[in-house]
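Student: I am new to this structure and should be grateful for a close look at a single part, namely the place where chain B meets chain A. Please explain it in one connected account, with each term defined.

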Amino acid sequence: MTKHDETIARQLLGTLAQVTDLFRNNAVSVGRHNKVSKTVNAVEFIRSTTGPMLTGYLDAELKDGTALSWLLDVVWSDESWTICARLARTTRNGPETIQMLPTEEIREFDHFRDSLLRIVQQLLALRSPALD
Amino acid sequence: MAALASGLGFSIYRNGGSNPANLTIRKGQADLSFRNSLSDPIGPDTQPVFTDDQYIGVDASRLPEGTVVLDDDPPGHVSVTATPGQLKNANLTKGKFPKPPPSVP
């Protein structure tokens with residue numbers, strides 16, 4: 001591994017730490033809302049049918065028994081990184097999207113880091129009428 | 001209605017992602033809806049199930065006995081009462097449906 005590779009690895013881990021902080025801080029903020037009974041958040045790697053992926057969520061359980069979820073998915077290939085983000089409401093049959101940010105496909109690593117932080121900030125700024 | 005025995009090693013599928021809210025039984029509901037295949041039910045009075053572009057699959061044989069019931073209502077429907085933690089530990093995999101081809105004008 002070259003010094004350059006190590007720098008990239010450190011930068012990526014630093015960005016993931018920032019993303020984790022954003023989800024955690026927003027969970028505290030959303031959790032203070034008087035309609036919210038509980039929040040759960042995580043940024044984690046999981047298996048998908050197309051390989052590993054990064055997923056982040058902030059789930060807010062509301063006192064009326066429904067739930068809101070701020071959802072982030074990042075998948076990658078040798079050529080690009082793809083970031084999907086949306087706010088959804090959960091029902092017995094699964095999620096219903098309330099708002100979705102435009103999916104972004106990024107080819108350069110430096111742009112990926114900046115885009116990921118920007119998209120996560122935009123995602124966590126989304127609000128549902130259920131929290132009015 | 002059939003309780004699915006543990007140890008058979010088969011997957012069941014649910015609309016959406018792996019976040020705990022999607023794995024939690026909602027207030028007023030008795031269970032979570034899964035299906036025994038990646039297909040929507042067909043027939044009168046049925047509606048598409050996989051309305052999201054994502055789904056999760058879990059290995060039903062890794063869930064506690066009695067928490068997975070193939071009730072076939074509608075056909076292929078599986079009712080699950082496992083906890084989010086149990087579902088996450090059941091070899092959970094996330095998948096995404098391919099995008100439909102662009103329509104030709």
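Tutor: The account below begins with chain B, turns to the interface, and ends with the interior.

This is a predicted model, in which local features need pLDDT of at least 70 and side-chain atom pairs count only at pLDDT 80 or more, while totals for chains, interfaces and linings use all residues. Residues are numbered from 1 along each chain as its sequence is written, chains are lettered from A and ligands numbered from 1 in the order in which they are written, and side-chain values use heavy atoms, with hydrogens and water left out.

Chain B contains 1 helix and 7 strands; these are DSSP runs numbered from the N terminus, helices being H or I of at least four residues and strands E of at least two. From the N terminus on, the order is β-β-β-β-β-β-α-β. Of its 105 residues, 44% count as buried, where buried means under 20% relative accessible area, exposed over 50%, and partly exposed in between (1.4 Å probe, protein chains only). Among the contacts in chain B with a separation of 6 or more, 71% join residues 24 or more positions apart; contact means heavy atoms within 4.5 Å.

At the interface, 26 residues from chain B meet 28 residues from chain A. The area buried between the two chains is about 2,100 Å², and carbon and sulfur atoms give 41% of that. Buried area is the accessible area (1.4 Å probe) that two parts lose on being put together, summed over both. In chain B, the residues that lose the most area to chain A are B:N19, B:R26 and B:K94, together 27% of what that side buries.

B:K94 also takes part in a salt bridge with A:D73, the closest N and O atoms being 2.8 Å apart. The rule finds 3 salt bridges across this interface, each being a side-chain nitrogen of Lys or Arg within 4 Å of a carboxyl oxygen of Asp or Glu. It also finds 13 residue pairs in polar contact, both residues at pLDDT 80 or more. A polar contact is a pair of N or O atoms within 3.5 Å; within protein, one must be able to donate a hydrogen and the other to accept it, and residues adjacent in sequence count only if both atoms are side-chain atoms.

On the side of chain B that touches chain A, β2 (11-15), β4 (54-59), β6 (77-80) and β7 (93-96) each supply at least two residues. The largest share, 4 residues, comes from β7(B).

B:H77 lies in strand β6 of chain B and touches A:R92 as well as residues of chain B, including B:S33, B:F34 and B:V69. B:H77 counts as buried because its relative accessibility is 7%. The side chain of B:H77 makes a polar contact with the side chain of B:D71, at 2.8 Å.

Turning to the interior, the largest nonpolar core has 31 residues, of which A:W70, A:L72 and A:L116 touch the most other members. Such a core is a set of buried Ala, Val, Leu, Ile, Met, Phe, Trp, Tyr and Cys residues joined through side-chain atoms within 4.5 Å. Its largest share, 8 residues, comes from α2(A). A:L116 touches residues that include A:V19, A:L72 and A:I83. Apart from this core lies another, of 15 residues, among them B:L32, B:L63, B:V68 and B:L92.

Key. Lists of a residue's contacts leave out its neighbours within four places in sequence.
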